[in-house]
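This report goes through the backbone, the charged pairs and the aromatic rings of one protein model. Local geometry comes before overall totals.

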Amino acid sequence: IMRRFFSLKSCGVVAMLSLLACASSAARADTATYDYANRTQGTQIFAYQGQSTIQVPTTATTPNTQLSAAQYDGIETNNGVFHVFDATLNSNYALMRFEFKIDQTETSVTQLHGLWKGLNVNNNNGRVDGARLYIWNYTTAAYELLQASADTEAEVTLSGVRAANLASYIGGAAQDRVLLLVTKNDTKQGTPKVNELRTDYARLIVTYGVGLDHFLIGHDGTGI
């Protein structure tokens with residue numbers, strides 16, 4: 001909290017009120033980082049895996065198989081250790097859904113920044129490698145693309161920002177959930193070749209207003 005001190009000598013009540021009005025308009029922004037190392041897994045933060053013939057799900061609850069404690073270990077930090085999920089069925093996409101429970105009130109949030117680090121290896125002949133990152137829009141009930149990678153087996157960083165209409169991206173029963181989705185660029189075709197989605201790290205950074213600065217105003221009574 002910022003504290004500012006003023007000594008008013010030879011000014012009237014009107015000047016004091018003007019200063020108070022000016023002071024009350026000042027605000028400060030702060031950020032909060034949410035990831036699988038600093039939040040309680042399965043209570044404050046969640047991750048789900050699954051596969052589907054639909055590349056981008058049309059519901060906010062797909063996929064719905066939650067990671068185990070050991071699987072969560074692979075996505076806690078950006079360290080080159082991966083959680084690996086393989087689409088085992090032909091014509092299916094591997095999917096990862098990340099659910100963040102945020103502490104900030106919806107009206108205080110000014111920006112959401114989602115990030116995913118990982119890779120996709122699609123060993124099926126003639127298929128495309130790479131991944132795509134999405135964010136769920138609660139107003140339109142649909143995912144919006146944040147970033148798509150090129151056709152590559154290398155590890156990539158996908159990210160994106162939303163800074164307008166933020167109430168559309170924060171929802172759930174308590175209006176405190178943000179959803180990110182990662183899917184592959186292409187489907188699995190052929191057996192036994194793999195089509196793996198490997199997640200190294202995922203996080204959400206929330207920028208928010210922390211309210212008004214506090215001002216202490218001193219006055220010696222002169223001019224009143």
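Proline 63 sits in the loop between E3 and strand E4 (65-66). In this predicted model, the peptide bond that joins threonine 62 to proline 63 is cis, with omega at about -5°. Two further backbone features concern phi. Serine 91 has a phi near 65°, which is positive although the residue is not glycine. Asparagine 165 is likewise a residue other than glycine with a positive phi, near 50°. As background, most residues other than glycine have a negative phi, and most peptide bonds are trans.

Both residues with positive phi are in loops. Serine 91 belongs to the loop between strand E5 (83-86) and strand E6 (93-101), and asparagine 165 to the loop between E10 and strand E11 (177-184). Are they buried or exposed? Serine 91 counts as partly exposed because its relative accessibility is 33%. Asparagine 165 is at 62%, and therefore counts as exposed.

Serine 91 also appears among the contacts of serine 52, a residue of strand E3 (residues 45-52). With neighbours within four places in sequence left aside, serine 52 is in contact with Ser91, Asn92, Tyr93 and Leu95. Serine 52 has a relative accessible area of 16%, so it is buried. The C-alpha atom of serine 52 is separated by 9.2 Å from that of threonine 187, a residue 135 positions away along the chain.

**Charged pairs**

The structure holds eight salt bridges. Three of them are listed here with the separation of the N and O atoms.

| Salt bridge | N to O distance |
|---|---|
| Glutamate 144 and arginine 162 | 3.1 Å |
| Arginine 177 and aspartate 176 | 3.1 Å |
| Glutamate 196 and arginine 198 | 2.7 Å |

What does the salt bridge between glutamate 144 and arginine 162 tie together? Glutamate 144 is in strand E9 (residues 142-148) and arginine 162 in strand E10 (residues 156-162), so the pair links parts that are 18 residues apart in sequence.

The partners in the second row, arginine 177 and aspartate 176, are both buried. The third row is a mixed case. Glutamate 196 counts as buried because its relative accessibility is 15%, under the 20% limit for that class. Arginine 198, with a relative accessible area of 26%, is partly exposed. Elsewhere, salt bridges with shared partners join Arg97, Glu99, Lys101, Asp176 and Arg177 into one network.

Glutamate 196 is part of strand E12 (residues 195-212). The side chains of glutamate 196 and arginine 198 are also joined by a polar contact of 2.7 Å. Beyond the neighbours within four places in sequence, glutamate 196 is in contact with Val84, Phe85, Asp86, Leu119, Asn120 and Val121.

**Aromatic rings**

Arginine 97, one of the residues in the salt-bridge network, also lies over the face of tyrosine 48, at 4.1 Å from the ring centre.

How many aromatic pairs does a search of the whole structure find? The search gives six. One of them is the edge-to-face pair of tyrosine 134 and tyrosine 143, with 6.5 Å from centre to centre and 70° between the planes. Tyrosine 143 also forms an edge-to-face pair with tryptophan 136, here with centres 4.8 Å apart and planes at 75°. Tyrosine 134 and tyrosine 143 are both buried, and tryptophan 136 is buried too. In addition, ring pairs connect Tyr36, Tyr72, Phe98 and Phe100 into a cluster.

**Overall totals**

The secondary structure comprises two helices and 13 strands. The protein has 224 residues, of which 43% are buried. Where contacts join residues at least 6 apart in sequence, 80% of them are between residues at least 24 apart. The accessible surface amounts to about 10,600 Å², and carbon and sulfur atoms account for 52% of that area.

Note on methods: Residues numbered from 1 in each chain as written. Heavy atoms only, no water. Salt bridge = Lys/Arg side-chain N within 4 Å of Asp/Glu carboxyl O. Helix = DSSP H or I, 4+ residues; strand = E, 2+ residues; numbered from the N terminus. Buried < 20%, exposed > 50% of the residue type's maximum accessible area, 1.4 Å probe, protein only. Contact = heavy atoms within 4.5 Å. Areas by Shrake-Rupley, 256 points an atom, 1.4 Å probe, with all protein chains shown as cover. Polar contact = N/O pair within 3.5 Å; in protein donor to acceptor, adjacent residues only side chain to side chain. Phe/Tyr/Trp six-rings, centres within 6.5 Å; stacked < 30°, edge-to-face > 60°. Lys NZ or Arg CZ within 6 Å of the ring centre and 35° of its normal.
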